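Reader: I would like a close look at a single part of this model, followed by whatever else helps me place that part among its surroundings. Please take one helix and go through it slowly.

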Amino acid sequence: MDGILFLIFAAAAVLCGLNVVMQRQPIASALSLIGVMGSLAALYLLLGAQFIAAAQVIVYAGAIMVLFVIVIMLLNAGAEKRTGVSLMARYLGLPALAGLLGALSYVIFRAFADSGVVRFGRFSAGAARDVGQALFTKYLLPFEITSLLVLIAIAGAVVLAYKEFER
Amino acid sequence: MTAAGVPLSWYLILSAVLFALGVAGFLFRRNIITMFMSIELMLNAVNLSFVAFSYHLNQVDGNILAFFVMVVAAAEAAVGLAIILTVFKNRATLQIDEVESMKN
Amino acid sequence: MQHLWLIPLFPLLGFLANGLFGRRAPKRIVSLVAVGSVLLSFLWVLRTLWALWPLDAPHLERYFAWIQIHDFRIGFDLAVDRLTAVMLLVVAGVGLLIHVYSIGYMGQEGGYYRFFSYLNLFMFFMLTLVLAANFLLLFVGWEGVGLCSYLLIGFYFLRKSATNAGNKAFIVNRIGDFGFSLAIFLIAVNFRTLDFAGVFSAVELRPVETGAGLVTTIGLLLLVGATGKSAQIPLYVWLPDAMEGPTPVSALIHAATMVTAGVYMVARMSVIYLHAPLALDVVAWIGILTAFFAATIGITQFDIKRVFAYSTISQLGYMFLGLGSGAFPAGIFHLWTHAFFKALLFLGAGSVIHGILEQDLRKMGGLRAKMPVTFWTLVCASASIAGVPFTAGFVSKDEILLAAHHHAPWMYWLGTITAGMTAFYVFRAIFLAFLGAPREAHHAHESPAVMTVPLVLLAALSLGGGRFNVSRWLEPLFPAPEARHDEALVVISVAAGLTGIGLAWLFYVARPGLADVVAGRLGALYRLVYEKYRVDELYNVTVVQPVVIGARNLFWQSVDVGVIDAAANGIGTRARGIGSVLRLLQSGNIRSYAAWVALGSVAALIAIGLAGGAR
C-alpha cells in the first residue's frame with residue numbers, strides 16, 4: 001500500500017514539476033506548482049510528518065502560491081517571449097544539471113542503499129504535540145528569530161510596494 | 001518494493017529530481033516569476049529531504065527544520081515579489097535578460 | 001685633564017651659530033662669531049701647550065666609548081704629543097690669520113655667512129683629525145675635511161666649472177679614502193684595536209718586513225689615502241681645479257692644512273712605515289716624482305693660482321720625500337714652514353685678485369707701485385720657497401734634501417733640480433705680476449688692513465719661522481737618523497735656487513720676449529707640459545668614460561630599466577591582465593551566474609564525495 005501510494009504521488013510531483021519548468025504561461029506554471037505542493041503534502045503524510053503536511057497545504061499552497069497568482073494577475077504576465085539566449089546557461093547549465101543529478105544520485109546510493117524502508121505509521125513524532133514541544137523548548141531561539149525575520153520581511157515588502165502605489 | 005514499504009533512498013532520489021527540475025527552471029526560463037517559482041520548487045525538494053531524514057533518524061528535528069524553511073520561504077516570497085513588482089514598474093518587463101544595466 | 005675637546009668645539013659652535021642664524025645677522029656679527037671661535041680655539045691650544053710643556057710624553061684623554069663590541073672598543077679619544085702640537089699650532093694659528101683675512105676678501109661677496117660657517121666646520125674637522133687618538137676618529141676628520149673642501153670649492157655654485165671642480169675633488173678623494181678604509185679594515189682584523197697606542201705596540205712586536213707582508217700592505221693602502229688627500233701622483237688631479245674656490249679657501253685648505261693631512265698621517269704612522277721599508281721607499285719615490293713633475297707644469301702656467309697650486313703639489317712631494325727618506329722630523333718641519341710661505345703666496349695672490357679682478361699673469365704687470373705691501377710680503381714668501389739662505393724654507397728644504405741624499409743620491413739631484421725650477425716659477429710669477437710696465441690698464445689699489453696685516457705676519461714667519469727648530473723638537477718621537485751635515489750639498493742646492501731666480505730675472509725682466517722664443521723652439525714638448533701632460537684627458541678616457549658608459553648601459557638600461565622596472569610594471573600589467581580575464585565572469589547576466597552556482601555546487605559535491613564525506 002505504501003509503495004503504490006508513493007508511486008502515485010511521486011509521479012504526480014514529478015509531472016507537475018516538469019510542467020512548472022516547461023509551460024509558456026506563468027499562470028500555468030503556478031498552478032502546476034500548487035499541484036507539486038499537494039503531492040508533497042501527501043508524501044509527508046506517508047513519512048509521518050503530520051504537522052508539516054498540514055503546514056505545507058495551509059502556508060505554502062494556501063498562502064504563498066496565492067500570492068504568486070495574485071502578482072501574476074496584477075502584472076498581467078503573458079507568455080514568455082523568445083528573446084536573447086544565454087550561451088553560458090545553455091552550454092554550462094545542461095552539463096551542470098546532469099552532473100548535479102548524477103552526483104546526488106551517486107551519493108545517495110552510496111550512503112543510503114541499505115537503510116530501512118519507509119512504512120506508514122512507523123514514525124510517530126511528527127504530530128503537532130511533538131513538534132510544538134520541540135519548537136518551544138529546544139528550538140525556542142530560532143523560533144523567535146524567525147518570527148522577527150517575518151516581521152522584517154513584512155516591513156520590507158510594505159516599504160517596497162508602498163512607494164510604488166504612491167505615485 | 002513491497003506493499004509493506006518503500007526504501008528511503010527513493011524519497012531522496014525524488015528530492016534530487018525535484019531539485020534538479022528547479023535548477024533547470026532557474027537556468028532556462030526567462031520570466032522572472034517563473035524563475036522565482038523554480039526557487040520555491042527547490043525549497044520544497046529540500047523540505048522533502050529533511051522530512052525523510054527525520055523519519056530515518058527517528059527524530060523530530062528534521063520536521064522542525066522543514067518548518068523553518070517554510071517560514072523563511074514565505075518571508076522570502078513576500079519580499080521577492082515586492083522586488084519583482086518594483087522592477088516591473090521601472091522597466092516594464094518581466095524578462096530577465098532585459099534587466100542588464102550592470103552588463104560589461 | 002686639559003679638556004682637549006674644547007679645541008675642536010669652539011669652531012663647531014661657530015659653525016652652528018653662523019649656519020643656523022647667520023643668514024639674517026649683520027656681517028659684523030658673523031665675522032665676530034667666526035673669527036672669535038677660531039681665536040678661542042687657538043688660545044686654548046696655547047694654554048694646553050703651556051700646561052703640558054715640555055710635552056715629553058703623549059697626553060691622552062678618553063671621553064666616551066663610541067663603539068663597543070665585547071672587548072673591541074673605539075672611543076672618542078683625543079691625544080696630544082709633540083707632533084700633534086706642531087699641527088695644532090699650524091692649523092689654529094694659520095687658520096686664525098686666514099679667517100681674519102677673509103673678512104676683507106669676502107666682504108663684498110654673497111653668501112658671507114655660508115662661507116664662514118663652512119670654514120668653521122672645516123676647522124672643527126681638521127682639529128679632530130689632528131687630535132684623534134685612533135684610526136676611526138682620524139678618518140672622521142679625514143672625511144669631514146674632504147666634505148668641507150667640496151663645499152668650499154663649489155662655493156660659487158652658480159658656476160658650472162666650480163661645481164665640477166668640487167665634484168672632482170670629492171670623487172678623487174674618495175678613491176684615496178677607499179684605500180684608507182681598506183687599511184683600517186686590515187688593522188682592525190689583524191690587531192683587534194684601532195687605537196694608535198695599541199696598534200703601534202702590536203706592530204713593534206713584529207719583525208721588520210722585507211718585501212711584501214701585512215704591515216707593508218697596510219702602509220701602501222694608507223699611502224693611497226694620503227696621495228688622495230695630499231694630491232700626489234696619481235691622485236693629484238683635483239688640486240689645480242680646486243682653485244675655483246675663493247682664494248682664502250685655497251690658502252687654508254689647499255696649502256696649509258687639509259692637504260697636509262696626508263703628510264701628518266704618514267708621520268703619525270711612522271712605526272708602521274719603519275717596519276715596512278718597502279712602503280717607505282714607495283713614499284719617497286712618489287714624493288720626489290710628484291715634486292719634479294708638478295714643478296715642470298708650474299713653469300708653464302699663466303693663471304697665478306694654478307702656478308701656486310702646482311707649487312703646492314710639488315712642495316707636498318718634498319714633504320713625502322722627507323718622510324720617505326726616514327727623516328720624519330724634516331718632513332714635518334717643511335710642513336710647518338710651507339704653511340707660512342704657501343699661505344702667504346695664496347693670500348698675496350688673493351690680494352692681487354681682489355685689487356684688479358684678474359688672475360691671468362699675462363694681463364698683469366707693474367703692480368709694485370700700486371700694491372707695495374703685497375709685493376714685499378710676496379717677495380719674502382718667494383724667497384722662502386726658493387730656499388734663499390736663512391729663510392724658513394731654506395732650513396726645512398735643506399734638511400729634506402740631505403736626508404734624501406742619504407737615502408738615495410739620485411733623489412737628491414732630482415730634488416735640487418726641482419728646487420731650481422721652484423725658484424724659477426715662483427719668481428716668474430712675481431716678476432710678471434709686479435714688475436715691468438702694466439700690460440693692461442688696472443685700477444689697482446692696495447688691500448685694506450684686515451688683509452695686509454695677516455700678510456705681514458705671515459711674511460715674518462716665512463722668514464723667521466726656521467728659528468723654531470721644530471725638527472729637533474720632534475726628534476724624540478722618531479728613531480734618530482744619522483746626522484749628516486754635508487756643506488757641499490747645501491751649497492749646491494742654494495746655488496740651484498739662486499740660478500732659478502736669475503733665470504727668471506733673465507726671461508721676464510731683462511729680456512721679456514725670450515720666454516716666448518724658447519717656448520716656440522720647444523714646440524711640441526712645451527705644449528705637452530703646458531697641457532699638464534694631458535693627464536686629465538688620460539683619466540677621462542681610461543677611467544671616467546668607461547664608468548659612465550658602463551653605468552649608463554649596464555646598470556641603468558639593463559638592470560634598472562630592463563629588470564627592475566620591467567618587474568614592477570610587469571606585475572601591474574599582469575594583474576590587469578588577470579583582472580580583465582576574471583571580469584568576464586561578471587557578465588551582468590543573472591542566468592549565467594546561476595549556471596556557475598550550479599556548477600560550483602556540483603564541484604563541491606564531488607569534492608565532498610571524494611573526501612569520503614558521503615558516509
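Author: The model is predicted. The part chosen here is a helix of chain C, α6(C), and its buried residues are C:A162, C:A165, C:G166, C:K168, C:A169, C:V172, C:N173, C:G176, C:F180, C:A183, C:I184 and C:I187. An α-helix has 3.6 residues a turn, so residues three or four places apart point the same way. The helix α6(C) runs over residues 160-191, which makes 32 residues. From its first C-alpha to its last it reaches 46 Å, close to the 46 Å expected at 1.5 Å a residue. The cover over the buried residues of α6(C) includes α5 (135-153), α7 (196-205), α8 and α9 of chain C. Just after α6(C) comes C:R192, with a positive phi of about 60°.

Two of the covering helices, α8 (214-229) and α9 (238-241), have a loop between them, and C:P234 is found in that loop. The peptide bond from C:I233 to C:P234 is cis, with omega near 0°. A second cis peptide bond in chain C joins C:W53 and C:P54, and there omega is about 5°. C:P54 has its place in the loop between α2 (27-52) and β1 of chain C.

That loop leads to a pair of strands. Of the 11 residues of β1(C), residues 59-69, the number buried is zero, so the strand lies largely in the open. β1(C) pairs with β2(C), residues 72-80, in the antiparallel sense, over nine bridges. Within this pairing, C:I67 has C:I74 of β2(C) as its bridge partner. The hairpin that the two strands form has two residues between them, and in it C:H70 takes a positive phi near 55°.

Helix α3 of chain C covers residues 82-105, and C:L96 is found in it. C:L96 has 20 other C-beta atoms within 10 Å; a residue with 20 or more is buried, and therefore C:L96 is buried. Leaving aside neighbours within four places in sequence, C:L96 is in contact with C:V38, C:L39 and C:F42. C:S37 lies 59 residues from C:L96 in sequence, yet the two are 9.3 Å apart in space, C-alpha to C-alpha.

Another helix of chain C can be set beside α6(C). Helix α25(C), residues 590-610, has 21 residues and reaches 30 Å from its first C-alpha to its last, close to the 30 Å expected at 1.5 Å a residue. Its buried residues include C:R591, C:S592, C:A594, C:A595, C:A598 and C:V602. Seen down the axis of α25(C), the buried residues fall within an arc of 160°, so they line one face of the helix. The face turned away from that buried side carries the exposed residues C:G600, C:A604 and C:A607. Just after α25(C), C:G612 takes a positive phi of about 85°.

Two loops of chain C hold residues that have a positive phi without being glycine. C:F390 has a positive phi of about 75° although it is not a glycine, and it lies in the loop between α16 (372-386) and α17 (392-407). C:F390 is exposed, with 12 other C-beta atoms within 10 Å. C:R534 has a positive phi of about 55°, again without being a glycine. The loop that holds C:R534 is between α23 (524-530) and α24 (535-582). C:R534 is exposed, with 12 other C-beta atoms within 10 Å.

Chain C also meets another chain. The contact between chain A and chain C takes 15 residues from chain A and 14 residues from chain C. By class, the side of chain A that touches chain C has 11 nonpolar, three polar and one charged residues.

Chain A has a contact with chain B as well, in which 75 residues of chain A meet 67 residues of chain B. Among the elements of chain A that each supply at least two residues to this side are α1 (2-22), α2 (26-46) and β1 (117-118). The largest share, 12 residues, comes from α3(A). By class, the side of chain A that touches chain B has 56 nonpolar, 13 polar and six charged residues. The two chains also share a strand pairing: β1(A) and β1(B), residues 6-7, pair in the antiparallel sense over two bridges. In β1(B), B:P7 is the bridge partner of A:V117.

Definitions and conventions:
Residues numbered from 1 in each chain as written. Chains lettered and ligands numbered in written order. Predicted model: local features only at pLDDT ≥ 70, side-chain atom pairs only at ≥ 80, totals over all residues. Helix = DSSP H or I, 4+ residues; strand = E, 2+ residues; numbered from the N terminus. Contact = placed C-beta atoms within 7 Å. Nonpolar A, V, L, I, M, F, W, Y, C, P; charged D, E, K, R; others polar. Pairing = 2+ DSSP bridges. Expected span 1.5 Å × (residues − 1). Arc of directions from axis to C-beta.
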